[in-house]
Amino acid sequence: MTPPLPATVIGGYLGAGKTTLVNHVLRHANGLRLAVLVNEFGALPIDEDLIEAESDKLISIAGGCICCSFGSDLTAALIDLCAMTPRPDHVLIESSGVAMPGAIAASVGLIEAYAPPSVVVLADTETVQTQAQDEFLGDTTLRQLHDAHLIIQSKTDLVAEPQVQAVAAWLADTNPRAAVVAAAHGRVPASVVLGPGNELPVNPHTAHADALFASEVFAVEPVTDPSALARSLADAELGVVRAKGFVRDRSGQRFLIQNVGARTSLKAVAGEAPSQMVCIGRRDQLDTDALARLFSAKCSAPADGVA
Amino acid sequence: MPVLHLQRLRKRLVSSTAMQVALPIARQCCFNRGLSHVAQNAMTNTTVYVAKKILTMNPSRPEATHVAVRDGRVLAAGDFSEVSAWGDHTLDSRFADKVLMPGFVEGHAHTMEGSLWAKVYCGWFDRGDPDGRVWPGLKSIDAVVARLSEAADALDNPTAPVSGWQLDPIYLDNVRVNRADLDRVSTERPVGVLHASGHILNVNSKALELAGLLKPGVEHPGIPLGDDGLPTGELKGPDAMTPVGPHVGFARSLLDADEDGVRNFAKLCVRTGTTTITDLASRMEPDTVEMMLRVTAEDDFPICLVPLRFFMGLSPEDLIKEVASLKSRSTERLRMGRIKVVADGSIQGFSARLRWPGYHNGAENGLWYIAPDQLGEILQRALAAGLQVHTHTNGDQATQLLLEKFASALQTAPHPDHRFTIQHCQLADAAQFRQAAKLGMCVNLFANHHFYWGDEHYALTVGPDRALRMNACRTALDSGVPLAIHSDAPVTPLGPLFTAWAAVNRITSSGRVQGEGERISVTEALHAITLGAAYTLHMDGEVGSIEVGKRADFAVLESDPTACSPGELKDIGVWGTVQGGRVFAAADL
């Protein structure tokens, strides 16, 4: 059976940097065939130099990627996408500025061919707090942030560092379950937006880990309770933005763990690949020592209540 | 009959003078030989209809007994001597015992009303279909199941879907319909019933199975699960509905006109006296446009259709470009070139955007369907391009946003006669109507809503204070805002006289008068369903009243709406219509 198609919903208000992020990911797709769904073809949803061909409803992008507009029917567009040959490796859905990304993710999750998508919400460091107070947009802004598994704080180069820190703290406070990362011009590794690839282990040194981000691979000892381990990874102190990998329990059953922010997913799977986890986070926040301890603990007694 | 005789003489005199004055004498005999032919032409060219009464809506001649029609237009309206002064004519007395009004103009409906009649009507109220059959309202779930089963039995293909529409559990003690109920219709074929609100779809097990959702672990706020961990078959909101909709005959494209749907829609118009009508949110796909151009051009197509291009799917810049190009392709009976924007959701679906104090039952505020900045950009570009925008706002916060965005767009791109229209505008308060007046905006209020959901709004959604002011027709008129009123068919049935009745009486389905102070007079309501609606479409120079030069569009009524008690307005019989001088009897459809 074809594995479910992974997807990422990208939310945030107009001007928060959704398009910039999408273009950055397209440039660093690392051979992945990405399909980008946009609400409409606005003023250049895709950087011009990436476009190979353009028709009414489809833009062909360098590297076998495509961009389609879904207008008022996202479900139909998604179903069309997974019928394409070759099938895209990952779908990025750029939601409209006022859409609730969580609602979009829930709808995508209803389509059989898709895995439940992760939700990435852009927050403009300069304006997000003002916007959260806006008469018309305040509650929409907050609801979008609440929907996020991962918040990317954009335009950090336009304000002073203390302000960046203050907004980061406010974002973490607004949605304690989301991982918050700061990035100017959408410059985050594609793996932060898409999740680590399916080919494990990845070589962290080829993953465009720019100076800010680290992607570390850990060997994992068999554990008593894989689900507790997955939840432990969501502890904000560890600085893990995304994690993905395989672990075994004491009986030898193999599990796939995928985390983004505080969202954890655990699935029993077959196969023989080694027990390894990839953890991605800000270089200055990723606590590799603590992670190494966590994964090597002979009996990962669950720190219950972490989730 | 000396008078008549004299009239006839004078007519002949006029006609021969007009026809012959320029002809050389030498050709008189030839002309005489052909006279009968010419005279016949002249006579078929002008038809004088005599009616019991003609309510013209033209203040300089409010009532008449005769109307002369030539080339599809009104040549004259007055008494016989006045209209016959134009010369030879055929006197047509088929309306001698009827009352004529200007053909009604419905400024907010959807051709989907026509398309839905291909499915099974499951509503609580009696409703007439395009062929004139009145389907009795269904008063229980058992009755709904029985009617769907009957439709299923009539199908040859054992796996073809059965789809119903207009289910309204509000009237069935808010009973929750589940898949077991619809499994009684069939376990082999997918079955789906769309609610009257358009926001909930009930499906059977087979439909869930086809969509891959008959499994445990479905996580979606719009998909409740039963005790068995499986979806109950209730799908709430467009997000939950879309994966299953296509399996039960409710594809998203239902919003777009299909050929049968357009024909059915036109029949409903004839039955309700409507001659000009909008299709208020069409995606205007190229095939749809070609189909509409072809069908509306047919000699016996009885309405002027005004489709508005739905804003989604194009950037503001491309939207303006496309709509301008559509405008240039407009014909006599297909008027394109307007834009429909949707700002928020619906009040009964709790998706409308409300100002403080929000929903009466404490529900979270609704949803924006357009980003405020994008709304501002569309308004401004449309003003600059001279294209009209109609914007849906239900909640008062959505109305406020529109007013503010429009005020600033208008400063940037001034337009002296834009007539941008606020559609629904259900919760607007007096200050908002005053602001709309200052900005030169029109409103098209959802008068039918009082009747169908007024009790619900009073008790649940917005509470008494705001329920009393909903669809404030009186305030709109007193504030100087040009007013139209509408059905939003298929949300409520098409029927301008019913809509007028609703605005005049403000009676809810439980029989209460809700918001007495917002009632308007019969004359004002009749204006709203004719000239008022025409004004919001920039078509008031062309339709909306019976006066010289305007299109010969009439609603042919069995009795006089100004002579009955206001409570009987909705019960006035409609014989049919005249559209562009062509007569359409409802009985002959």
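This is a chat about the domain and chain contacts in a predicted model.

Colleague: How is chain A divided?
Modeller: Into domain 1, residues 7–194, and domain 2, residues 204–296. Their centres, taken over C-alpha atoms, are 24 Å apart.

Colleague: And how many residues from each domain take part in the contact?
Modeller: Domain 1 of chain A puts in 22 residues and domain 2 of chain A puts in 16. Together the two domains bury about 1,500 Å², with 59% of that on carbon and sulfur atoms.

Colleague: Which three residues supply the most on the domain 1 side?
Modeller: A:H149, A:R177 and A:P189, which give 29% of the area domain 1 of chain A buries against domain 2 of chain A.

Colleague: How many salt bridges between those domains?
Modeller: Zero. There are six residue pairs in polar contact between domain 1 and domain 2 of chain A, though. On the domain 1 side, β7 (118–124), β9 (179–182) and α7 (190–194) of chain A each supply at least two residues. By class, that side has 14 nonpolar, six polar and two charged residues.

Colleague: Switching topic: what about chain B against chain A?
Modeller: That contact takes 37 residues from chain B and 24 from chain A. The buried area is about 2,400 Å², and carbon and sulfur atoms give 55% of it.

Colleague: How many salt bridges there?
Modeller: Two across the interface of chain B and chain A. B:R353 and A:D139 meet in a salt bridge at 2.7 Å, N to O. The chains also have nine residue pairs in polar contact.

Colleague: Which element gives the most on the chain B side?
Modeller: α14(B), with four residues. By class, the chain B side has 17 nonpolar, ten polar and ten charged residues.

How values were computed:
Residues are numbered from 1 along each chain as its sequence is written. Chains are lettered from A and ligands numbered from 1 in the order in which they are written. This is a predicted model: local features need pLDDT of at least 70, side-chain atom pairs count only at pLDDT 80 or more; totals for chains, interfaces and linings use all residues. Side-chain values use heavy atoms; hydrogens and water are left out. Domain bounds come from an automatic or database domain assignment. Contact means heavy atoms within 4.5 Å. Buried area is the accessible area (1.4 Å probe) that two parts lose on being put together, summed over both. A salt bridge is a side-chain nitrogen of Lys or Arg within 4 Å of a carboxyl oxygen of Asp or Glu. A polar contact is a pair of N or O atoms within 3.5 Å; within protein, one must be able to donate a hydrogen and the other to accept it, and residues adjacent in sequence count only if both atoms are side-chain atoms. Ala, Val, Leu, Ile, Met, Phe, Trp, Tyr, Cys and Pro count as nonpolar, Asp, Glu, Lys and Arg as charged, and the others, Gly among them, as polar.
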